[in-house]
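Let's take a walk through a protein chain together, one stop after another. Keep the sequence and the picture side by side as you read.

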Amino acid sequence: MLEALATPSGVVTIPTITALVVIVGMFVLAGLDIWRHEVEGYATIILAGVAAAGVTLEGISAQQWVAGLISAALAFTVYLALGIRGVMGGGDVKLAAVPAFVLATINPVLGAWWVGVSLLIQQLFFTAARLSVRRTAGDTRNVTVVMPHVPAMTAGMVIAVSIFPI
């Protein structure tokens with residue numbers, strides 16, 4: 001699959017350091033999301049800037065930039081649709097573009113794969129929380145479970161780089 005991103009010289013640059021830095025940033029934001037139930041816009045801008053600077057310094061190809069931007073737009077669109085329905089907050093919507101961008105510069109399919117896995121992990125967290133509330137509170141028809149989403153996004157990114165080593 002990486003052959004599709006090959007530069008004219010046939011070399012594909014994998015932005016390993018950038019991916020690891022973004023993962024660390026995602027862990028920090030996950031902690032903040034758990035603590036405050038909010039992702040600050042400035043934190044997303046900083047992480048996006050670090051990601052863009054990192055992949056630029058690591059020398060990715062124009063094809064990798066295009067793959068990353070397309071994946072970021074796809075992730076943003078999916079999360080925006082969920083945000084409009086009230087499933088996600090605005091911080092989650094904006095942040096989704098960053099890991100999708102970085103992962104797609106590694107492999108074009110990986111950014112889209114990450115979106116699906118992150119949403120699946122979120123649903124698993126939600127289901128587990130809901131079952132826990134049922135066991136402790138009994139009837140939960142009117143109980144709302146609020147779950148931060150950045151931990152699921154972070155877990156999805158860690159799984160992605162674990163399954164598809166960088």
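Let's begin with Glu 38, a residue that counts as partly exposed because its relative accessibility is 38%, a value between the 20% and 50% cut-offs for buried and exposed. Keep in mind that you are looking at a predicted model. The side chain of Glu 38 meets that of Arg 36 in a salt bridge, with 3.7 Å from N to O.

Why can two such side chains come together? Side chains of opposite charge can pair when their charged atoms come close. Arg 36 is partly exposed too, since its relative accessible area is 41%. What other partner does Arg 36 have in a salt bridge? The partner is Glu 40, and here the closest N and O atoms are 3.0 Å apart. Glu 40 has a relative accessibility of 23%, so this residue also counts as partly exposed. Through shared partners, the salt bridges join Arg 36, Glu 38 and Glu 40 into one network. The count for the model comes to 2 salt bridges.

Now step back and find the helices. The chain has 7 helices and 0 strands, so its pattern along the sequence reads α-α-α-α-α-α-α. Of its 166 residues, 41% count as buried. Contacts also link distant parts of the sequence: among those between residues at least 6 apart, 79% join residues at least 24 apart.

One pair lets you see sequence distance and spatial distance together. Leu 20 lies in helix α1, and Leu 20 is partly exposed because its relative accessible area is 46%. Count along the sequence and you will find Val 102 82 residues away from Leu 20. In space, the C-alpha atoms of Leu 20 and Val 102 are 9.9 Å apart.

Next, look for the largest nonpolar core, a set of 35 residues. Which members touch the most other members of this core? They are Leu 95 and Trp 114. The elements that give two or more residues to the core are α1 (16-36), α2 (41-58), α3 (62-84), α4 (90-95), α5 (97-106), α6 (108-137) and α7 (150-163). Among these, α5 gives the most, with 7 residues.

Stay with Leu 95 for a moment and trace its contacts. Leaving out residues up to four places away in sequence, Leu 95 touches Met 26, Leu 29, Val 39, Thr 44, Leu 47, Val 150 and Met 153. Find Leu 29 and Val 39 in the picture, because both will come up again at our last stop.

That stop is an empty space. The model has 1 cavity of 30 Å³ or more, and the largest cavity holds about 40 Å³ of space. Which residues line the largest cavity? The lining is made of Leu 29, Leu 32, Arg 36, Glu 38, Val 39, Glu 40, Tyr 42 and Ala 43. Helices α1 and α2 are the elements that give two or more residues to this lining, and α1 supplies the largest share, 3 residues.

By class, the lining has 5 nonpolar, no polar and 3 charged residues. Arg 36, Glu 38 and Glu 40 belong to the lining, and you already know these residues from the salt-bridge network. Leu 29 and Val 39 line the cavity as well, and both are touched by Leu 95.

Definitions and conventions. Residues numbered from 1 in each chain as written. Predicted model: local features only at pLDDT ≥ 70, side-chain atom pairs only at ≥ 80, totals over all residues. Heavy atoms only, no water. Salt bridge = Lys/Arg side-chain N within 4 Å of Asp/Glu carboxyl O. Buried < 20%, exposed > 50% of the residue type's maximum accessible area, 1.4 Å probe, protein only. Core = buried A, V, L, I, M, F, W, Y, C linked by side-chain atoms within 4.5 Å. Helix = DSSP H or I, 4+ residues; strand = E, 2+ residues; numbered from the N terminus. Contact = heavy atoms within 4.5 Å. 1 Å grid on protein atoms, 1.4 Å probe; cavity = no way out; pocket = protein on both sides within 12 Å on 5 of 7 lines; lining within 4 Å. Points joined across faces, edges and corners; volume = space filled by probe spheres on them. Nonpolar A, V, L, I, M, F, W, Y, C, P; charged D, E, K, R; others polar.
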